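Please look over the sequence and the model below before reading on. The report that comes after them is meant to be read with the structure open.

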Amino acid sequence: MDSTASASANRLSAPLEIQDERLNQRNSSIDSSFLKNQINVPKEFIWPKVDLVNAHQELLEPLVDLEGFLKGDELALQQAARIIRAACLSHGCFQVINHGVDSRLIAAAYDHLNRFFQFPVRQKLMARKMTADGLNTLSYSGAHADRFASNLPWKETLTFGFEENLKESSVVDSFKSSLGDDFEEIGKIYQKYCEGMKRLALALMEILAISLGVDRLHYKNFFEDGRSIMRCNYYPPCPDPALTFGTGPHCDATSLTILHQDEVGGLEIFANNKWQIVRPRHDALVINIGETFTALSNGKYRSCLHRAVVNSERARRSLAFFLCPREDKVVRPPEDLLRGEVTRAYPDFTWSDFHLFTQKYYRADAHTLHNFTKWLLSSKPIHHK
């Protein structure tokens, strides 16, 4: 690993900084209109030089064609499992094509993303409203300035939960309750999008299980009743992209990320000891292994260290679906991976505790799972609110 990249990968993020009310009020107006009007990059958005290492090489690895697997072809399944295993042992990222998600649905999701992020900031902030039980139905964030005071990402996000097996449409209700009845259609599009992503994620869990040599349905069954997370990302043009990131270097705390990036591109992953560019393909979805699945594989599969860069000419957009288990499920590797004298890489934990750690106590970086484990074993009490 080169020294600069090593420093980037080994630097621990500071604990989450609690900001006072005045700072929150000031930063609540940070959105795309604010960012577009900046002649220079504000100091809160400037990242340490140790992180700002350029990627010059494209990630060139085989695409995983899912067409045969989705049609029941056993040979195609075994081939997909071999490609995925190699990627997950190395860096935790691969791309899938012929994945079964309708391209028209993806296009519609982008259309509504564009619509939402063009709203005035006061309207976008309505997506921060709380429900009666104190939970966000939608969560809008401008540069995560409501959570952090430095190393801010040059982006806006809209995040919401997705859960199947409900009598009501969870996503449609989220949009209507936060933004009004006029947003029923956008809720329906994202409901369908999430349903498609969940089906694909569960299919990928079958392949991951086979690639690890465990029961084919183990991971699929584990995630079937989970509440996943959907995020729409919008990255405005930046006056000096060399100083900041759209998303800083980190591994996702979740289990599996399914990402579609638009034609502008900007995703980079850390593979073979250097940052490499993941070129966008309109027909492909990028799959990243997250920290929770690393624990479920007993550390065999690597979570993907990645980041997103911005550019000075065009806005960038992406759609990210994060597969998560049910909050109270115990994250523990299957017995097939623990036979013999195999040592446990991580202790048992629940997704709710890990998620709480990343939201309240720790800013995700390259070592989130490692530091969560230390925190968990220190008997630090976890106070649920």
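What follows is a description of the fold, one helix, one set of strands and the aromatic side chains.

The model is a predicted one. Its protein chain contains 13 helices and 15 strands, and of its 385 residues 53% count as buried. Among the contacts in the protein chain with a separation of 6 or more, 78% are accounted for by residues 24 or more positions apart. The chain exposes about 17,400 Å², of which carbon and sulfur atoms supply 49%.

**A helix**

Helix α6 covers residues 103-117, and because 15 residues at 1.5 Å a residue should span 21 Å, the 21 Å between its end C-alpha atoms agrees with that expectation. The buried residues of α6 are L105, I106, A108, A109, Y110, H112, L113, F116 and F117. As general background, an α-helix has 3.6 residues a turn, so residues three or four places apart point the same way.

**Strands around β10**

Strand β10 (residues 274-277) is joined to β1 by two bridges, and these two strands run parallel. Strand β9 (residues 267-271) is joined to β10 by four bridges, and here the strands run antiparallel. I277 in β10 takes part in both pairings, since it stands opposite E58 and is also the bridge partner of E268. Between β9 and β10, which form a hairpin, there are two residues, and N272 in the turn has a positive phi of about 55°.

**Aromatic side chains**

How many aromatic pairs are there? The count comes to 24 aromatic pairs. One pair is made by W47 and F245, whose ring centres are 5.3 Å apart and whose planes are at 80°, and because an angle over 60 degrees counts as edge-to-face, the pair is placed in that class. W47 lies in the loop between α3 (32-36) and β1 (57-58), whereas F245 lies in the loop between β6 (227-235) and β7 (247-250), so the pair ties together parts that are 198 residues apart in sequence. Both W47 and F245 are buried.

Elsewhere, F349, W351, F354, F357, Y361, Y362, F372 and W375 form one aromatic cluster.

Two arginines place their charged ends over aromatic rings, as listed here.

| Charged residue | Ring | Distance from charged end to ring centre |
|---|---|---|
| R115 | F183 | 5.0 Å |
| R307 | W275 | 4.3 Å |

R115 falls within the residue range of helix α6, 103-117, while W275 falls within that of β10, 274-277, and the two arginine contacts therefore involve elements described above.

Key: Residues numbered from 1 in each chain as written. Predicted model: local features only at pLDDT ≥ 70, side-chain atom pairs only at ≥ 80, totals over all residues. Heavy atoms only, no water. Phe/Tyr/Trp six-rings, centres within 6.5 Å; stacked < 30°, edge-to-face > 60°. Buried < 20%, exposed > 50% of the residue type's maximum accessible area, 1.4 Å probe, protein only. Lys NZ or Arg CZ within 6 Å of the ring centre and 35° of its normal. Expected span 1.5 Å × (residues − 1). Contact = heavy atoms within 4.5 Å. Areas by Shrake-Rupley, 256 points an atom, 1.4 Å probe, with all protein chains shown as cover. Pairing = 2+ DSSP bridges.
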